[in-house]
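Here's a quick briefing to read alongside the model. Have the sequence and the 3D view open as you go.

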Amino acid sequence: HMFLTAGYAKLDPQTGHLTYADGGHNPALVFRAATRTVERLKPHGMLLGAFLEIACEELTAHLDAGDILLLYTDGITEALNERQEEYGEDRLMEMLAACADQPAVEIRDAIVASVTAFAAGTPPADDLTLFVAKRRSGAR
């Protein structure tokens, strides 16, 4: 009666070609520099361990110069404040857009600080894990 989620992503920094697969994990977010919008990558996988036979399909996307890929665990979006409200995906998307002009490490730090401030001392129920990759403006 155990299951887990998993995600896989491989980004070619020279071409911006992204290959990814999802096993029931939170959908990756992509900030599009050209339009200054955040979109969810299409989720398509099933939880691992929940069913006897599953198949995970590889999908592709493209990141242009300045675009940002954000992978995160549900500990980020499900962080609770003192009123038992979740941080949520919408707040995460807003935070990503608000700090998109910063380097990847500063985006990561800003999101962690935002989640921590939101929780305001409420003990985390899960891990806070995220990965930020920003395609350089000078890349082809």
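Let's start with a pocket: the second largest one holds about 220 Å³ of space. A pocket here is an open set of points on a 1 Å grid over the protein atoms alone, where a 1.4 Å probe fits, with protein on both sides within 12 Å along at least five of seven lines. Grid points are joined across faces, edges and corners, and the volume is the space filled by probe spheres set on the points.

This is a predicted model, so local features need pLDDT of at least 70 and side-chain atom pairs count only at pLDDT 80 or more, while totals for chains, interfaces and linings use all residues. Residues are numbered from 1 along each chain as its sequence is written, and side-chain values use heavy atoms, with hydrogens and water left out.

**Pocket lining**
- The second largest pocket has 14 lining residues (an atom within 4 Å of a point), and Ala79, Thr122, Pro123, Pro124 and Ala125 lie nearest its centre.
- Its lining splits into eight nonpolar, four polar and two charged residues; Ala, Val, Leu, Ile, Met, Phe, Trp, Tyr, Cys and Pro count as nonpolar, Asp, Glu, Lys and Arg as charged, and the others, Gly among them, as polar.
- Helix α3 gives the most to that lining, with three residues.

**Overall layout**
- The protein chain has three helices and seven strands, which are DSSP runs numbered from the N terminus (helices H or I, at least four residues; strands E, at least two).
- Along the sequence, the pattern reads β-β-β-β-β-β-α-α-α-β.
- Of the 140 residues, 35% are buried (under 20% relative accessible area, 1.4 Å probe, protein chains only).

**The sheet**
- An open, antiparallel sheet is built from four strands in the order β4-β3-β6-β7, where pairing takes at least two DSSP bridges between two strands.
- Its edges are β4 (37–40) and β7 (130–134), each paired on one side only.
- Twist averages 20° from one strand to the next, with axes fitted as lines to C-alpha atoms (for helices over the stretch in contact) and angles running from 0 to 180 degrees between N-to-C directions.
- Four bridges tie β3 (29–32) to β4, and Arg32 stands opposite Thr37 in β4.
- Helix α3 (104–119) lies across β6 (68–72) and β7, at about 145° to β7.

**Positive phi outside glycine**
- Gln84, in the loop between α1 (74–77) and α2 (88–98), has phi near 65°.
- Ala120 has phi near 45° and is found in the loop between α3 and β7.

Key. Contact means heavy atoms within 4.5 Å. Buried means under 20% relative accessible area, exposed over 50%, partly exposed in between (1.4 Å probe, protein chains only).
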